Amino acid sequence: MKNIFIMALLCLFAVNAHARQIITGSVVEKESNKPIEAATVELLQVSDSSSVEVVYTNSEGAFTLMKVDTAKRYCLRVRQLNFKIRKVSVAKSPNRIINVGQIALDPSSINLKEIVVNGSKIKVTELPDRTVYGIPTDLKKISTDGLDVLRKVPSVQIDYFNEDIKVDGKTNIKIEVDGVTRDKDFIKKLHPSQIDKLEVITSPTGKYDADVDAVINIITIKEMRYGLKGTVNTQLLPNSTDRYMMRGMGSLDYGLKTISYYVSANGGLGKFDFINTMDRTTAKLKLNQNGDMNSFFANGNINAGFIYDPNEKNNLCLNLSFNGNKSENDNEQKSYSWPNDNVKNITGTTSESRNKNAGINTSLFYKHSYDKKKSHFYEIETSFYSSLINNNVTDFQSISYNLDDTERLRYPQQTEENNSRISTLNGRFGYFLPFDSVYTFGTGINANYNHNYINNIRSLTQAPDLEYNNTRGSMFAELSRNFKKGNLKVGTRGEFSYVTINTTNTNKFFSLLPYANGQYKINDRNSIKLNYSRRVIRPSRNQLNPFVSYVDSLTISHGNINLVPAYRDNFQLTYNVKYGKSKFSGNLSPQLFFEYQTRLIQTITQEIANTGTFEKLPMNISNGYNGGLGLSVNAQIVTMIFNSNFRYFRSHIDNYIDEKGMQQIAAQDRNSWNWNSQIMCPLPLNLRFFSMLNLTGPTVNGQETSKSSPFYLAGIVKQFKNNSSLTILAFNPFAENFFKSTTTLNNSSFYQRSQTFMNMKNAFLINYSYNFKLGKDVKAQKQETEQNIEENNIKLPF
């Protein structure tokens, strides 16, 4: 009995020797005593400075550390992007809960004429296949939502009207949030304060689909999911009763310890007027055309889902979304043609187009990590899209006029209609294994099924339908190695496609798509990287649709079911240098790039023999290439942020002669450029100034060369104390024409020049944004922690 009693005492002593404690506290600003959200609190062992646990403060600045061993001594390391790092020792205590109280952080700021800048500089980090932009506080404060934050990154271009996203001029962009596939409507629900970093991947690896030009991955502050949050955002562009645009967005997020739910909705409508002119000259015809198009649009989106993180190693996301769009276009065209110098014909076309489309998308993502670093993991992602309605109807009528412009004859009205059914099913699996401390092996498979059926209807004649099925499977394998001063990743993606068009036209394609990404770090401020990837350009369903549509009284347009994929081999060499100190510092990235293109898909306009009419159709034309240099600048000049991305390149297209022996494209070289720059700076009275300039040089697209007018804006952002902001932007002030575009076409049979611009001047965008957070204060959280542990006898985790 005595021995049993002694053994029990020894066991009790051993348990008490390694009992667990809890450390609580809060992090605040030293001067204002305001709580700091999303600060990193790291628990370190005093003996070897090893990290035991890392947590982040909530909206009230509070934190709780659970892995405290009574037998060891600890200290805390507290960090936040806009403040100086602070270490705090933790005194030994017999109490189960140790409250270290408030930890005050000093701001790492510059004071100039009572203007305080906290973390205004964009921190740029170059990785082998991507560029990582740390989003500073000042940039967040002049942004209205997650999409607006993207606009502030120099290599990303997002227009304010269609909200189309481009990266270095390329359009097929994949969007991710924390590595999960999303769409632009999802990132519109993100409040700027939730965003920590942006990754822009211009050389996608094998895990991404082969036709993806670039990837934008938004990294959020996960700790900000907790609590109840909401955002309301409204936009208004008033110009006149016939020219306006308005948008609205609302979101609600509710986050618990391991799961967060969200729902968001956004929508918009607008009405604009476009003026267009066209001059065409052939050997037998001279044509002048003038037109006016009134355009109305309305769209809406709903996103709902949850993010479930039961522990550090597992992540499950489910998202359901609905998208709907409607547009109406009324178009009037008048054409003056001269078959010879003595005869004049006047014709016209009126048309009314109506478009409705809507669909539902479901996506599921799961990731399991085998270690805390999350470098050894596998991930599974599936998505399914089904269209609910996709209807396009155009009513048009041709008119003949007398020489005095009076109407002579109105031809019977014709109707063109397309009804589409679209279904896509995607799935992918990826597995990544680190080994020997410096290597990582990655592999995975992708499967895609795409079904498109277009029912084409014409009132006077029969029109062919289009049934398009594409079953695609692929596999990738890659190996990366970390060196002392760099990293190298090589891999390849093998892709097999089985395409059936109208059950009779069958094509099989196999593509081997290698890629390589390497980086060498010269020192802490200088690095260089080289990227290569081979990408695919697949024909769209509109490019394949054989339906003949009337562009105007003298021009028809249709697709081409004989199109095959095109390919691009892309090379990039980038040098990155960090310069300066706190008052004048930044990041400079010059770049050389080259891209070789084979079997380019371009639109050809050609004259139909002996008819005096023309047809437009896409074709696989000859090869081409473009190469040039770029320069990206991210700078902080005292209190001002300056971002700029400039690209100058030379494009070449080989000579193209069609099967009839006609030269449709002459071999040509064309110089072009693109410059996107932004300036942001704080002002007194909690105001911030923002301006942007975008200049685009001539672009070559097959036979066509296009030029666009400059786009620029300037505005003021006002921050209010109730977590709201008001933004006023002036678009293209003093410009004579809005969004003017000029396109010229010149081949062996004719010359054509067309112009289009939006009939609007003095455009102002007014945006009001409001967000709220509901959470417990520090005292309430501390009381709840003590109550759950002591009164309910909750066991502490080991």
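How many bridges join strand 45 to strand 48, and in which sense do the two strands run? Keep that question in mind while you begin the tour, and remember throughout that this is a predicted model.

**Stop 1: strands 44, 45 and 48**

Select residues 704-708, which make up strand 45, together with residues 738-746, which make up strand 48. The two strands run antiparallel and are joined by 5 bridges, and if you pick out S708, you will find that its bridge partner in strand 48 is S741. Now add residues 699-701, which form strand 44; this strand is joined to strand 45 by 3 bridges, again in the antiparallel sense, and V700 stands opposite T705. Strand 44 and strand 45 form a hairpin with 2 residues between them, and in the turn you can select G702, whose phi is positive, at about 65°.

**Stop 2: strands 24, 26 and 27**

Move next to residues 377-401, 414-435 and 439-458, which are strand 24, strand 26 and strand 27. Strand 24 pairs with strand 26 in the antiparallel sense over 16 bridges, and V393 has E417 of strand 26 as its bridge partner. Strand 26 also pairs with strand 27, here over 20 bridges and likewise antiparallel, with L433 and F441 of strand 27 as one of the partner pairs. The hairpin of strand 26 and strand 27 has 3 residues between the strands, and D436 takes a positive phi near 55° there.

**Stop 3: an open sheet of 3 strands**

Select residues 20-29, 62-69 and 97-105, which are strand 1, strand 4 and strand 7. These 3 strands form an open sheet in the order 4-1-7, with mixed pairing. Strand 4 and strand 7 each have a single partner strand and stand at the edges, so one side of each is left without a neighbour in the sheet. From one strand to the next the twist averages 25°. Strand 1 and strand 7 run parallel and are joined by 7 bridges; to see one of the pairs, select S26 and its bridge partner in strand 7, Q102.

**Stop 4: an open sheet of 6 strands**

The next sheet is also open, and its 6 strands follow the order 10-11-16-17-14-15 with mixed pairing. Its edges are strand 10 and strand 15 (residues 180-182), and because each has a single partner strand, one side of each lacks a neighbour in the sheet. Inside the order, select strand 14 (residues 173-177) and strand 17 (residues 214-220), which pair in the parallel sense over 5 bridges, with I173 standing opposite A214.

**Stop 5: strand 31 and its surroundings**

The structure holds 31 salt bridges, and one of them is formed by K529 and E126, whose closest N and O atoms are 2.7 Å apart. This pair links distant parts of the chain, since K529 lies in strand 31 and E126 in strand 10, 403 residues apart. Strand 31 (residues 526-537) also contains L530, which belongs to a nonpolar patch on the surface whose other members include Y520, I522, Y648 and W673. Together, the residues of the patch have about 780 Å² of accessible area.

**Stop 6: where to read with care**

Finally, colour the chain by pLDDT, which averages 85, with 91% of the residues scoring at least 70. Residues 109-119 stay under 50, and residues 776-798 are also below 50. Where pLDDT is low, the predicted coordinates should not be read in detail.

Note on methods
Residues numbered from 1 in each chain as written. Predicted model: local features only at pLDDT ≥ 70, side-chain atom pairs only at ≥ 80, totals over all residues. Heavy atoms only, no water. pLDDT = per-residue confidence, 0-100. Contact = heavy atoms within 4.5 Å. Pairing = 2+ DSSP bridges. Helix = DSSP H or I, 4+ residues; strand = E, 2+ residues; numbered from the N terminus. Patch = residues over 30% accessible without salt bridge, like charges linked within 9 Å, V, L, I, M, F, W, Y side chains within 5 Å. Areas by Shrake-Rupley, 256 points an atom, 1.4 Å probe, with all protein chains shown as cover. Salt bridge = Lys/Arg side-chain N within 4 Å of Asp/Glu carboxyl O. Axes fitted to C-alpha atoms, helices over the stretch in contact; angles between N-to-C directions.
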